[in-house]
Amino acid sequence: MLSRSLSLLQKAYSASVLAVLKRFGYNVENLNGPKVHSLFNVMTMEHNVHDLFYRLYLWLEATVSVTGT
């Protein structure tokens, strides 16, 4: 019973994350693919920074790279 409740919470969380990404104009259909679980898609944060990021008080913005790196 606990695992089912946890599974439902995880699905609800995933749905809300996708909704936020969609709202910011990201094409969430691109998230599914052969490399969806690649370590290149992982970001680690210190707990306090993660909390700010989670609450959308801190965010990332795309930049134009001059050197291509």
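Is Leu56 buried, partly exposed or exposed, and what is its relative accessible area? Leu56 is partly exposed, with a relative accessible area of 47%. The close-ups below come from a predicted model.

**View 1. Leu56 sits in the segment that follows α2.** Its phi is positive, about 60°, although Leu56 is not a glycine. Most residues other than glycine have a negative phi. The positive value at Leu56 falls just after α2. Leu56 counts as partly exposed because its 47% relative accessible area lies between the limits of 20% for buried and 50% for exposed.

**View 2. Leu58 touches residues Val49, Leu52 and Phe53.** Leu58 also belongs to the segment after α2. The three contacts leave out residues up to four places away in sequence. Leu58 is partly exposed, at 33% relative accessibility. That label applies because 33% is neither under 20% nor over 50%.

**View 3. Glu46 caps the N-terminal end of α2.** A side-chain oxygen of Glu46 lies 3.0 Å from a backbone nitrogen. That nitrogen belongs to Asn48. The helix α2 itself spans residues 47–54.

**View 4. Asp51 and Arg55 form a salt bridge.** Their side chains meet at 3.0 Å, N to O. The count for the model comes to one salt bridge. Asp51 is partly exposed, with a relative accessibility of 28%. It is not classed as buried, because 28% is not under the 20% limit.

**View 5. The largest pocket has a volume of about 1,400 Å³.** Its lining comprises 32 residues. Closest to the pocket centre are Val17, Leu21, Leu31, Met43 and Phe53. Phe53 also appears in View 2, among the residues touched by Leu58.

**View 6. Two helices, α1 and α2, each supply at least two residues of the lining of the largest pocket.** Helix α1 covers residues 2–23, and α2 covers 47–54. The largest share of the lining, seven residues, comes from α1. By class, 21 lining residues are nonpolar. Nine are polar, and two are charged.

Key: Residues numbered from 1 in each chain as written. Predicted model: local features only at pLDDT ≥ 70, side-chain atom pairs only at ≥ 80, totals over all residues. Heavy atoms only, no water. 1 Å grid on protein atoms, 1.4 Å probe; cavity = no way out; pocket = protein on both sides within 12 Å on 5 of 7 lines; lining within 4 Å. Points joined across faces, edges and corners; volume = space filled by probe spheres on them. Helix = DSSP H or I, 4+ residues; strand = E, 2+ residues; numbered from the N terminus. Nonpolar A, V, L, I, M, F, W, Y, C, P; charged D, E, K, R; others polar. Polar contact = N/O pair within 3.5 Å; in protein donor to acceptor, adjacent residues only side chain to side chain. Buried < 20%, exposed > 50% of the residue type's maximum accessible area, 1.4 Å probe, protein only. Contact = heavy atoms within 4.5 Å. Salt bridge = Lys/Arg side-chain N within 4 Å of Asp/Glu carboxyl O.
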